[in-house]
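This briefing is intended for a reader who is meeting the structure for the first time. The sequence and the model are shown below, and the points that follow are grouped by topic.

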Amino acid sequence: MADEYYKDERPQEQKPGSWPYKWSKNRGSGGSSGDGDDSGGGGGWGVGWGGGSIDGTPWSWSYRWQDHRKPPKEEEEEETFDIPYLKISAHGTLLGSSKNYLYHGKLSCSIGPAILIYTSGDPKREHTICALFRITDPFRQFSVSSYSPKNESEQASGLAALGHFSWSRPGKFKLQGKWQAGHYNHANIKNMKFIIYGVDIGWRTVPLGNWIDIATIDITENYSVFVNSIKGKFDGNASYLET
């Protein structure tokens, strides 16, 4: 707020950096100290000294510094998520060992995308929205979002979209894809590459109109993940996004 629009209406003794003076009688010229007086808390007495008399009575004065400014605000630590959970089977039952221990783990909210989708022949990423994808598990959340390259390496790679689905339930399902029927020029953009949970399954020709199987994902009951029978990692795509 500009100074001309601000008026400090607090009492003088409460303003930041005020110096309320206090008279004392017969204190002499030595210094004194204490915890404060009735006018407030905190701070301490400064130095006192003698200097003449009033009506024959010696006097001295001392000062007290009252700083009412708020202390600097401490920077808040960034909140992190590390949520414990119990593991369940595809049928919703709790998993446990033969020694009557329950299997548990930690659910991370920063695990990254499950699928990296690359296009060819489309440097401006204009056609990505016409590529359609789905998974065969109707009860598992799934979505695809477009991706803007962060650097020259990503631009050259053709990375154009990210796929996301829930991994918290075990199960086996397929990723399927196709180009929207009638899309032009399909001959230039038909090839797409997929990396799923860190497993690079290479370039595939994705047809117009007809769904094809791109990959089979298997999340086991002990929470290992396999893509086309190759073991992956839930955070396996992170390294591709960091380069």
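Tyr197 is located in the loop that joins E11 and E12. The model is a predicted one, and in it Tyr197 has a phi near 50 degrees, a positive value in a residue that is not glycine. Tyr197 is also among the residues with the most contacts inside the largest nonpolar core.

**Tyrosines with positive phi**

- Most residues other than glycine have a negative phi.
- Tyr197 counts as buried because its relative accessibility is 2%, which is under the 20% limit for that class.
- Tyr223 is not a glycine either, yet its phi is positive, at about 65 degrees.
- The loop between E13 and E14 holds Tyr223.
- Tyr223 has a relative accessibility of 9%, and therefore counts as buried.

**Nonpolar cores**

- In soluble globular proteins, nonpolar side chains tend to be buried together.
- The largest nonpolar core comprises 30 residues, and those with the most contacts inside it are Phe194, Ile196, Tyr197 and Ile217.
- Two or more residues of this core come from each of the strands E6 (115-119), E7 (131-135), E9 (159-165), E10 (171-179), E11 (191-196), E12 (199-205), E13 (212-219) and E14 (225-227).
- Strand E13 makes the greatest contribution to this core, with five residues.
- Apart from this core lies another one, of six residues, including Leu116, Tyr118, Leu162 and Ile195.
- Beyond the residues up to four places away in sequence, Ile217 touches Phe165, Gly171, Lys172, Phe173, Leu175, Ile196, Tyr197, Val225 and Phe226.
- Two of the residues touched by Ile217, namely Ile196 and Tyr197, are themselves listed with the most contacts inside the largest core.

**Salt bridges**

- Side chains of opposite charge can pair when their charged atoms come close.
- The structure contains four salt bridges.
- Asp137 and Arg140 form a salt bridge in which the closest N and O atoms are 3.2 Å apart.
- Both Asp137 and Arg140 are buried.
- A network of salt bridges links Asp137, Arg140 and Arg169.
- Lys174 and Asp213 meet through their side chains in a salt bridge, at 3.3 Å from N to O.
- This pair links distant parts of the chain, as Lys174 belongs to strand E10 and Asp213 to strand E13, 39 residues apart.
- Lys174 has a relative accessibility of 33% and so counts as partly exposed.
- Asp213, at 36% relative accessibility, likewise counts as partly exposed.
- A salt bridge also joins the side chains of Lys193 and Asp200, with 4.0 Å from N to O.
- Lys193 is buried, given its relative accessible area of 16%, whereas Asp200 counts as partly exposed at 40% relative accessibility.

**His186 and its surroundings**

- His186 is part of helix H2, which covers residues 186-189.
- With a relative accessible area of 15%, His186 is buried.
- A polar atom of the His186 side chain lies 2.9 Å from the backbone oxygen of Val206.
- When neighbours within four places in sequence are left aside, His186 is in contact with Trp179, Val206, Pro207 and Leu208.
- Val206 therefore appears both among the contacts of His186 and as the residue whose backbone oxygen lies 2.9 Å from a polar atom of the buried His186 side chain.

**Tyr184**

- Tyr184 is placed in the loop between E10 and H2.
- The relative accessible area of Tyr184 is 66%, so this residue is exposed.
- From C-alpha to C-alpha, Tyr184 and Leu208 are 9.7 Å apart in space, and they are 24 residues apart in sequence.
- Leu208 is also one of the residues in contact with His186.

**The largest pocket**

- Rolling a probe the size of a water molecule over the atoms shows where empty space is left.
- The largest pocket holds about 220 Å³ of space.
- Its lining consists of 13 residues, of which Ile111, His164, Phe165, Ser166 and Trp167 are the closest to the centre.
- Strands E8 (142-146) and E9 are the elements that give two or more residues to the lining.
- Strand E9 also gives two or more residues to the largest nonpolar core.
- Phe165, which is close to the pocket centre in that list, is touched by Ile217 as well.

Note on methods
Residues numbered from 1 in each chain as written. Predicted model: local features only at pLDDT ≥ 70, side-chain atom pairs only at ≥ 80, totals over all residues. Heavy atoms only, no water. Core = buried A, V, L, I, M, F, W, Y, C linked by side-chain atoms within 4.5 Å. Buried < 20%, exposed > 50% of the residue type's maximum accessible area, 1.4 Å probe, protein only. Helix = DSSP H or I, 4+ residues; strand = E, 2+ residues; numbered from the N terminus. Contact = heavy atoms within 4.5 Å. Polar contact = N/O pair within 3.5 Å; in protein donor to acceptor, adjacent residues only side chain to side chain. 1 Å grid on protein atoms, 1.4 Å probe; cavity = no way out; pocket = protein on both sides within 12 Å on 5 of 7 lines; lining within 4 Å. Points joined across faces, edges and corners; volume = space filled by probe spheres on them.
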